[in-house]
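This briefing covers a protein and its ligand. Please view the sequence and structure below before reading the points that follow.

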Amino acid sequence: MSSDSSSSSSKPLPPGMVIGPDGKPCKICTAFRNWKPRVDKSKQPPNAPAGQQKTAAMMAAFASGTGFTASQSQAQSQSTIGVEPTRPANCPPDVEQLGNATWTFLHTTAAYYPEKPTMQHRVNMLSLLRALPVLYPCSTCAQHLGENMKAHPPDVSSRTALSKWLCEEHNEVNERLGKEKFECTIEKLDERWKDGPSDGSCD
Ligand SMILES: Cc1cc2nc3c(=O)[nH]c(=O)nc-3n(C[C@H](O)[C@H](O)[C@H](O)COP(=O)(O)OP(=O)(O)OC[C@H]3O[C@@H](n4cnc5c(N)ncnc54)[C@H](O)[C@@H]3O)c2cc1C
C-alpha cells in the first residue's frame, strides 16, 4: 500500500511525514520512523495482559499495511510499545538509507576522481551531478540540491576541489537537518572515504 493513496483520504498524516512538491505525502522523502505508526502505550488499558498489548500492536501494524514479523511483534510486546519500530532489512529504502547510500557513492567516487581529470572525466562528472536534482527519488531533497547547485556550482577541476565541493553540499544538508558538520579538508575527507584512520583500524 502506498502512502500516496492516503492523500485523498481524511486520515491525519503521521507527524514527520514529508509532503512532496505535488502536495502529496512523499514516502521516499520521509524517515521510516515517521511513516510507520507507533502503538501508543497510553491507549492500552493499564493492566492489559501482555498478549492483548501484542495483539493491539500487530493489528495497528496490519491496519497500516506495513506488515509485522513474529520477531518484531515479540520485541515490541516486550519493550518497545510506543517506541520507534525496527525497520525490517528487506524494506524499500527510506530517505535516510537512500541518503546514506548516495553520499557513500558520491564521496567515494570523488575520492577516486583524478587530481588531473581529462575533459571526458569532467564532462561525465558534471553529467552525474547535474542529473541528481532531476532524478533523485526524494523530490524535496532534489529540489533543495538543485537550488544549492545553482548558487554553488560543482567544481570538477580536480579530485581535491570536487571532494571539498561535495563535502560542502553535504554540510548544507547536515545543517538543515540539525546534524553535525564535517570538516571539509582533504585530509579528513581522504581519511573517511579513501585511506581510513592512521591507527590502521580499517586496514
Ligand atoms: C543529495 C541529498 C540530499 C538530501 N536531502 C535531504 C533532505 O532534504 N532531507 C532529509 O531528511 N534527508 C536528506 N538527505 C539524506 C541525509 O543527508 C542523510 O543521508 C540521512 O539523514 C542519513 O544520515 P546518516 O546519519 O546516515 O549520515 P549521512 O548524512 O548519510 O552521512 C554518511 C556519512 O558521511 C560522513 N559525512 C557526514 N557529513 C559529511 C560531509 N559534509 N562530507 C563528507 N562526509 C560526510 C559521515 O561519516 C556520515 O556517517 C539527502 C541526501 C542526499 C544524498
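The points below address the ligand site and then the disulfides.

The model is predicted. The ligand occupies the space of the largest pocket, and 23 residues surround the ligand. Elsewhere in the description, a search of the whole structure yields 3 disulfides.

**Ligand surroundings**

- Among the 23 residues around the ligand, those that come nearest are Asn100, His170, Arg176, Lys179 and Arg192.
- By class, this shell consists of 11 nonpolar, 8 polar and 4 charged residues.

**Polar contacts to the ligand**

- The side chain of Asn100 places an N or O atom 2.6 Å from an oxygen atom of the ligand.
- For Arg176, an N or O atom of the side chain is 2.8 Å from an oxygen atom of the ligand.
- Asn171 has a polar side-chain atom 2.9 Å from a ligand nitrogen atom.
- On its own, the ligand has 950 Å² of accessible area, of which the protein covers 82%.

**Elements that form the shell**

- Two or more residues of the shell around the ligand come from each of helix H4 (95–111), helix H6 (139–151), helix H7 (159–176) and helix H8 (186–195).
- The element that gives the most to this shell is H4, with 7 residues.

**Disulfides**

- A disulfide covalently joins the sulfur atoms of two cysteines.
- One of the 3 disulfides found in the whole structure is formed by Cys26 and Cys29, with their sulfur atoms 2.0 Å apart.
- The link of Cys26 and Cys29 is right-handed, with 60 degrees about the S-S bond.

Technical notes: Residues numbered from 1 in each chain as written. Predicted model: local features only at pLDDT ≥ 70, side-chain atom pairs only at ≥ 80, totals over all residues. Heavy atoms only, no water. Near = heavy atom within 4 Å. Polar contact = N/O pair within 3.5 Å; in protein donor to acceptor, adjacent residues only side chain to side chain. Areas by Shrake-Rupley, 256 points an atom, 1.4 Å probe, with all protein chains shown as cover. 1 Å grid on protein atoms, 1.4 Å probe; cavity = no way out; pocket = protein on both sides within 12 Å on 5 of 7 lines; lining within 4 Å. Sits in = over half its atoms within 2 Å of the grid points. Helix = DSSP H or I, 4+ residues; strand = E, 2+ residues; numbered from the N terminus. Nonpolar A, V, L, I, M, F, W, Y, C, P; charged D, E, K, R; others polar. Disulfide = S-S within 2.5 Å.
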